[in-house]
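Welcome! Here is a guided walk through one protein model, going from a few charged pairs to the way its domains meet. Please take a look at the sequence and the structure first.

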Amino acid sequence: SYRIATININNITNQTKISALYNFIKQQDADIIFLQEVENDKLNLPGYNVVSNIDVARRGTAIALKHHIQFSNVERSLNSRLIALRVNESITLVNVYAHSGSQNRTQREELFNFTLSHYLRHNTQHIILGGDFNSVIRPCDATGDSNFSLALKNFVQHLKLHDVGVGPNDGNRQFTYITHNSASRIDRIYVSSGLRNNLRSMDTHVCSFTNHKAVTVRLTLPNLGREPGRGYWSLRPCVLSPENIEELQLKWDYWTRQRRQYNSWIDWWVDFAKPKLKTFFRWKTNQMFSEHNRKYQNLYAQLREAYDQYYGNAAMLVTINKIKGKMLKLQREFSMLFFRVNETCVSGEKLSTFQMAERGRKKTTIDRLEIAEHRVLDRSEEIENFVFDYFKTLYSEQEQEVNDVWSCDRTVPFNSEANLNCMNEITTEEIYTAIKTSASRKAAGPDGITKEFYLKCFDVIHGHLNLILNEALQGNIPDKFLDGVIILIKKKNSGNTVKSFRPISLLNFDSKVLSRILKSRLELILKESEVLSPSQKCSNSGKNIYQATLAIKDRIVKMRESKTKGKLISFDLDHAFDRVDHRFLFRTMLSMGINPTLIDLFSAVYARAKSKLLINGHLSPEIQIKRSVRQGDPLSMLLFVLYLQPLVHRLDQICDGQDDLVVVYADDVSVITTCLNKIERIKHLFESFGRCSGAVLNLNKTDSINIGFLRAGESRSVSWLQTSEKITILGITFCNSVRLMQKLNWDSLTAKCGQLLWLHKMRDLTLQQKVVLLNTFITAKIWYVSSVLAMNKLHAAKLTSIMGSFLWNGMALRVPITQLALPYEKGGLNLQLPSIKSKALLISRHLKEATSIPFYTSFISNTQNPPNLSSLPANSPCLKQVCQEVSYLPDLIKDNPTSDVLHKHFLSLLEPPKVVGKYLNCDWMAVWRNIKSRYLSSSERSFYFILVNEKISHGELLFRMQRVDSAICAFCNSCNESLVHKIAICPRVAPSWRILQRELVTIYPSKTFSVEDLIRPSMKINRNDKIKILKLFINYVICINESNNHIDTAALQSLLSNIL
């Protein structure tokens, strides 16, 4: 059976109410929801597809269906009063929000007579019609004068629709909309006659988020698809309270005494301790939910009783609103407790629809899969079976050749201390470092235990965890310890085939701690012995991704200047990580001279590795991982680099020409060569490598561009290799012109930043929170490209304009964006301004990676003051910008060219805030410290920053900006409206100012504060009193600024008293 609900949500936009709506839907486990009076066409309900119809009036309709329910034939009325769609090709769903009031009777009758009939013109087996009809067709469904609808009555009779709210007793009166002088059942659900006998239950529910009751029914319907599963249990961090950890300590002491019943500590851990931990924390989570439900049900009963008494008793409205307020507060607190925010959430930000939408976007639901040309799977069971078979085949062991030609020439010295000691006992310090340095807020493995548990309970478990991991180091590893769950993450800009998804393994955190420790030891071996080729830029000590991209750019410019022809080729390995043959990997490591005992441990780990696929919430049977390095394992990247080392070494031998270049970063293999014969040799090399290692070269995705000195129309082609005008390598779009390369990359980045900021505009953020978001999430996406390609003035201006629009959101009074870029101690907000930060990153990288860019370095190292820019290559804007800036840098900065040092240097060249020059006697360091104070909320700090910079709207400022014709105060018409006049002198605010002064006297009796004293305090006051004074004054000005002509002094008095 399926649950269907209809709810008029009263145009709610408040996030607390939206969360209450979502939780109500979850509690009812509704499959299909009809929503009326929907204000936002971006309404997001995780787990549901929301199809909306909203016009400029913002009072629309929507139908929400669980993700697994396929729908089609969506039709929307022009006035947003109706939306219809079809499910299962046999059921038509129609949601109606009829016009309200007797004055709109004609429009309402036309809606039922003509519009509704039009959208039901197609004949289907069943009809489900729901919504807010704002009228009745039975006298008993309303009290007093009702909006009776003859058109709706005729429509229902002609189509033989059944009102699910009408039971055997025709006098049934479950009113859904109640006021003190009327009650009616205007929210209803009708079903066609064929579904009448399928009705299982019907009920109405009072709700905290709307003044309508919700109507829910349970119907037996044809199968609408397989519902997504719920995955597996995961520990919620909120249950890791000090009280629960203290209780865990007592249980842990008892649990450890059960060790004698098991062969080893690790067996005890896997078979006894972990299940006990799961039971304990599930119990604690259930306690929290039970307590919340108890409180909620108590308030719900009170609300229902209040509604029952509301009709005829207007005084009950106050009680109803109080109960709703308590319910919403309870819901908000509970939501914040359990809601796991994403990485874009800013500290102090309110829970919003944006956060809920982001959480929904992180989940991958596969409802449609292309498996062959013109063949598509859309049933959940078929999709799950196909994906399972595909990955089972992918991870199965394949026969490979054994060829000694792939042994490595670089080996670890036999007396390497790191290699000899890599199997030493694991220390507690290593365990803590591995836990602390691992990423937070990551999904748990199949045991459900997250990093937060290991970190917060470390003092409880560390002694026994040490014993467990040391037993694992000796090879005593149970299969459950290594279990994993594979989730499929959609690749960007990919199709809808199974190859469009990246398999990520969610592993138990304890096994990841072991992997992280082994990774650090293996890295030490490789760093000490330098067995990896310099061409491999990933997981290779002293190498990085910038060396790869800068080297390619440098070689392109050099070949153009030396009039040499060549090709840049990007080789693509199909399922590179998933095709790693374990036998080849361990033979390669052995030939490198890596400790055989460590290799045996890796071999034992991968021999026992098993995973289940999580597809649409359902876990598949286990798959034995016979090949691949599991993406999600901290060791996977390092093992893959070792696996690829023999291939990289042979590529270095083939590409030995003066202009040849081999650049490898993980599985991205890029080659520049001037000889077409070498390209053929490289192809045969990949094929030979694949026969021994399992790797497969994907020729369909292997691409190239011609580079160097090319005449118009000249082509250098290879039969099997596609040649393009541009190619993307490691996130950078390359072509034969650096100037064009610069334009292509920055055009794309500028557009993406604009799109991101447009999405984030819906968030309720303060100025400081917006700066944090820009620094940590938005502009962070451009810093990588900034290190490789110079940003020209046009793109810098565009990005600055986009950021300014986001920061001020249409406000006319703005603090200059260059001031926001200043550090806090100089009057700014530490905003990372693209024009400044990108310049610092570009220069820093070109100076630090000098050995990777020999052609560029030959010019940079000879730069004089002033620079001779005319001697530089014409097609190298990056080189010109670097040389121009380097020539004027102090020698101290040239000796230590970090991006941070360069950034501070460029910031020091900016002008100080204008307000500093206006008030020379002010202690500005103290003022800037106040703005940064952690004792003020984010909104208070942001408003205070604007207030100190005198960007609060007042007559004199607006007159200077030519926004008004006169600076005279519009209220008193006696003098100019200065900032002081607006805050303290004007008769409109004088009573409020006296209230503030009375409150200030209670804190600091010996002084009467002026506006100047409060905006830029210079007196010596202890910190606690200063914060109280600032809080009072800031909130006072906020209240004055947001008020119109009338100021509610009683509300102001209450606000200030609450602050104290």
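A residue is called buried when its relative accessible area is under 20%, exposed when that area is over 50%, and partly exposed in between, using a 1.4 Å probe and protein chains only. Glu 382, with a relative accessible area of 33%, is therefore partly exposed.

Before going further, please keep in mind that this is a predicted model, in which local features need pLDDT of at least 70 and side-chain atom pairs count only at pLDDT 80 or more, while totals for chains, interfaces and linings use all residues. Residues are numbered from 1 along each chain as its sequence is written, and side-chain values use heavy atoms, with hydrogens and water left out.

## Salt bridges

Side chains of opposite charge can pair when their charged atoms come close. A salt bridge here is a side-chain nitrogen of Lys or Arg within 4 Å of a carboxyl oxygen of Asp or Glu. The structure holds 36 salt bridges, and three of them are set out below.

| Salt bridge | Closest N and O atoms | Relative accessible area |
|---|---|---|
| Arg 59 with Glu 37 | 2.5 Å | Arg 59: 38%; Glu 37: 7% |
| Glu 382 with Arg 379 | 3.5 Å | Glu 382: 33%; Arg 379: 44% |
| Arg 1016 with Glu 1012 | 2.7 Å | Arg 1016: 4%; Glu 1012: 33% |

In the pair of Arg 59 and Glu 37, the arginine is partly exposed, whereas the glutamate counts as buried. Helices (H or I, at least four residues) and strands (E, at least two) are DSSP runs, numbered from the N terminus. Arg 59 sits in the loop between β3 (48-53) and β4 (60-66), and Glu 37 in strand β2 (residues 32-38), so this salt bridge ties together parts that are 22 residues apart in sequence.

For Glu 382, the partner Arg 379 also counts as partly exposed. In the last row, Arg 1016 is buried and Glu 1012 is partly exposed. Salt bridges can also join into networks: Asp 29, Asp 31, Lys 66 and Glu 227 are linked in one.

## Where two domains meet

The protein chain is divided into domain 1 (2-219), domain 2 (533-581 + 627-734), domain 3 (738-911) and domain 4 (916-1059), with bounds that come from an automatic or database domain assignment. Let us look at domains 2 and 3, whose centres, taken over C-alpha atoms, are 29 Å apart.

Contact means heavy atoms within 4.5 Å. By that rule, 20 residues of domain 2 touch 22 residues of domain 3. The size of an interface is often given as the accessible area lost when the parts come together. Buried area is this loss (1.4 Å probe), summed over both parts; between domain 2 and domain 3 it is about 1,900 Å², with 67% given by carbon and sulfur atoms. Tyr 546, Leu 550 and Lys 553 supply 32% of the area that domain 2 buries against domain 3, more than any other three residues.

How many salt bridges are there between domain 2 and domain 3? The count is 0. There are, however, 8 residue pairs in polar contact, both residues being at pLDDT 80 or more. A polar contact is a pair of N or O atoms within 3.5 Å; within protein, one must be able to donate a hydrogen and the other to accept it, and residues adjacent in sequence count only if both atoms are side-chain atoms.

On the side of domain 2 that touches domain 3, the elements giving two or more residues are α14 (545-561) and β27 (732-734). The largest share, 13 residues, comes from α14.

## A few local details

Thr 779 lies in the loop between α20 (767-778) and α21 (780-786) and is buried, with a relative accessible area of 2%. A polar atom of the Thr 779 side chain lies 2.5 Å from the backbone oxygen of Leu 774.

Most residues other than glycine have a negative phi, and most peptide bonds are trans. Asn 865 and Pro 866 are joined by a cis peptide bond, with omega about 0 degrees. Pro 866 is in the loop between α25 (854-860) and α26 (877-886). Glu 89 is not a glycine, yet has a positive phi of about 55 degrees; Glu 89 counts as exposed at 53% relative accessibility.

Note on methods: Buried area = accessible area lost by both parts, 1.4 Å probe.
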